[in-house]
Amino acid sequence: MADGQTVQPGLDDLAGEAAVLRVYRQAFAVLAREAEKMILTPQLLEVDEAIFAAFAASGSDGLTEEQVRNACRRFPEATVARRFEVLKAYGAVSKVFERPNERYYRAAFAPYVMLLFLRRIGGRGGQSELHELLSAEHRNVSASAATAEDGQASAGRLTQVFRLIANELSIMSLGADVAQLRENAQLLWGNEALIARAEDVHAVVLRRWPALDRECQWLRAGLAAYRDAIDAAAARLIERAGTTRALGLLPAQEWRAFARTAGTQRLGAVLDSFVFDAPAPWFDPQAMTEAAESGGQPDAARMPPPRPAGDDGAGRDDAAPADHDGTGTAAGRLLGESRSVAVADLLRAAPDWASARRVLAQMTAAHHDPALPYTLTWDEGLDVADPGGPGPAWLTRGQFRRNADGR
Amino acid sequence: MTAGDTALAWARARSAGPLPVPAGTPAPAGMIKLTGPGGSWLVPQVPEAADARVLAEMGLPGPLLEQPNDTARMLAAVLRCCWEDPLTPVWPGVSAGSGPVLAVFGAVTGPRDEAAHRRAAVAALRRLDQAGWVRWDEPAGTVRLGPRVALWGSGDLTTLRQLWRSIQPPERAHAIPALPQDPDAAEAADPDAAEARPGDPLEPAQ
């Protein structure tokens, strides 16, 4: 008895599985080119469609195989015959009465629904189906009769859908070429609405069955992955669009239609989120220096690396002209007629701190310039100046002098 | 100066770059007013944490600039010719003949085919002129620094001073044999032509 009770549901299950398998085989009949092979060209789908159209027009009597061939005579007869055999093999077309020598056939509706579905997916990338799926799931989980199992199943299905899309997109955005990415760009469109609807479903499930938080967490993760994948793919497309100026993200007709039909408000709304500056490049001095340095050196004549001055006399002619930046003149002015002057005097004579600093910089530059006959020497000791004074507060004693030998 | 005027000036400057204004116009908030021999300019000055160099820090693409290296070299050449004394502020600078500028540009870019050199120079000057970095009076053949150079900060100017010193002055640049022998350059061989010509019509080419 106990055995019977366990076997009985098993048999029910088997019957249910057989029914599912039958519909499954019927639905996929339209995809099979020959038995065991999938369809490869859209023309074969058209043949299938024509066959189903013939059956639809035939009424309740059914059709013989010859009548079907006649109705589909715009296609090659061999092709029609092969498709008919395939549909028969999958059970999409079956005899009206199951007996030998029966000539009339009837068609199942599932393959045609599948055909419609395929056409729509082919046309719109399956996204509208996804929208409808989301509406259906939302309806399911919102229904008052829905149980926690329904909610779990819904969340599980949505998680799988979004994981699949996200994986496909992120693989493409990493590896695929831009043309392929652009072909699949419809996966990117309208994704905000998709995500929002999925989040609605998620919210309903989580509110009604808080115990399903683990499934909801997976769904959230799947949605986040989808969002990231969209961002990555869109960034790649936009980056390419920016360099080629190809606005191929949308078909050209859409751009033209938008430009023609949109009002001022809508056209202006495109720029709403943009802060734009006068389209002028910024020149970073560092970049300018690099550009200038990389410019004057053709590959043929390499410049020798810079040598410390005083190594030898060579290269002196190439050096910048003496006093090319006014250092010598400034040093001469600081010294005046005298041969040597105290640094402290010069700095105290400056009207303010900034000019004192400049004087110091000029002296140091003159000291380090090998072409100029000036020397700056420092002594021990530190003078503290009047704290209210304009110049530097502390001064090291030092001498700035013109070299006797003129070098 | 009302809030509306300020907003209008900002909008204009954002869409068209530095604004030429009649003398005596007060500067709106956040903009600096530059006065030079070519007229007065209003230049928007945003904080350093909000201007174009932030784009570079964040790795975002800025406005597309064709031939960025040649254009930067041309700006360096103009800077060398128009900034007489690097200890003084870079604005307003002096006017320079296009001949010396071309010569310095040639020295910076290295030997090139003469036609290619001239083409690159003209293209770079036009780009810089359009962006407000340089004012190029094409008929008169003179070049000045544009109002945008006043936006370089003190740190930038330190780097630019080094750049200035590293570039040969126009007179020495002439000694380089790969000189373009165009009429402008021949004219510029005359030292007087290389001097600033204060009487030049310095129309801001906007």
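This passage walks through the folds of two chains and the contact between them, as seen in a predicted model.

We begin with the overall make-up of each chain. Chain A contains 16 helices and six strands, and buried residues account for 21% of its 407 residues. Chain B comes to nine helices and six strands, with 39% of its 206 residues counted as buried. Contacts that reach across the sequence are well represented in both chains. In chain A, 65% of the contacts with a separation of 6 or more are between residues 24 or more positions apart. In chain B, 68% of the contacts between residues at least 6 apart join residues at least 24 apart.

Chain A offers two sheets to look at. One of them is an open sheet of three strands in the order E1-E3-E2, with antiparallel pairing. E1 and E2 of chain A stand at its edges with a single partner strand each, so one side of each has no neighbour in the sheet. Strand E1 (residues 63-64) pairs with E3(A) over two bridges, and A:Leu63 is found opposite A:Tyr105 of E3(A). Strand E2 (residues 93-95) pairs with E3(A) over three bridges, and here A:Ser94 faces A:Arg106 of E3(A). In a regular strand, side chains alternate between the two faces of the sheet. Strand E3 (residues 104-107) of chain A shows this alternation: A:Tyr105 and A:Ala107 point to one face and are buried, whereas A:Tyr104 and A:Arg106 point to the other and are not. Taken together, the residue opposite A:Leu63 is the buried A:Tyr105, while the residue opposite A:Ser94 is A:Arg106, which is not buried.

The other sheet of chain A is also open and three-stranded, with the order E4-E6-E5 and antiparallel pairing. Its edge strands are E4 (340-342) and E5 (374-384) of chain A, each of which pairs on one side only. Neighbouring strands in this sheet are turned by 15° against each other on average, direction ignored. E5(A) and strand E6 (residues 394-402) of chain A run antiparallel and are joined by eight bridges; within this pair, A:Leu382 stands opposite A:Thr396 of E6(A).

Helix H16 (residues 353-368) of chain A packs on this sheet, where it touches E5 and E6 of chain A, and its direction makes about 140° with that of E5(A). The helix has 16 residues and reaches 23 Å from its first C-alpha to its last, close to the 22 Å expected at 1.5 Å a residue. Its buried residues are A:Val359, A:Gln362, A:Met363 and A:Ala366. These four lie on the same side of H16(A), because they cover an arc of only 95° around the axis. An α-helix has 3.6 residues a turn, so residues three or four places apart point the same way. The cover over the buried residues of H16(A) includes helix H14 (327-335), helix H15 (343-349), E5 and E6 of chain A. A:Ala354 and A:His368, on the other side of H16(A), are exposed.

The contact between the chains draws 33 residues from chain B and 23 residues from chain A. On the side of chain B that touches chain A, the elements giving two or more residues are helix H1 (3-16), helix H2 (52-58), helix H3 (68-82), helix H4 (98-109) and helix H6 (154-166) of chain B. By class, that side of chain B has 19 nonpolar, eight polar and six charged residues.

Helix H13 (residues 285-295) of chain A brings this contact into view from the other chain. A:Pro285, A:Met288, A:Ala291, A:Ala292 and A:Gly295 are buried in this helix. They sit on the same side of H13(A), because their arc around the axis is only 120°. Among the elements covering the buried residues of H13(A) are H3, H4 and H6 of chain B. These three helices of chain B are also listed among those that give two or more residues to the side touching chain A.

Finally, a residue within chain B illustrates an intermediate environment. B:Ala123 lies in helix H5 (residues 114-131) of chain B. The residue counts as partly exposed because it has 15 C-beta neighbours inside 10 Å. B:Ala123 and B:Met74 are 49 residues apart along the chain, and their C-alpha atoms are separated by 9.7 Å.

Note on methods. Residues numbered from 1 in each chain as written. Chains lettered and ligands numbered in written order. Predicted model: local features only at pLDDT ≥ 70, side-chain atom pairs only at ≥ 80, totals over all residues. Pairing = 2+ DSSP bridges. Axes fitted to C-alpha atoms, helices over the stretch in contact; angles between N-to-C directions. Contact = placed C-beta atoms within 7 Å. Nonpolar A, V, L, I, M, F, W, Y, C, P; charged D, E, K, R; others polar. Buried ≥ 20, exposed ≤ 12 C-beta atoms within 10 Å, placed from the backbone. Arc of directions from axis to C-beta. Expected span 1.5 Å × (residues − 1).
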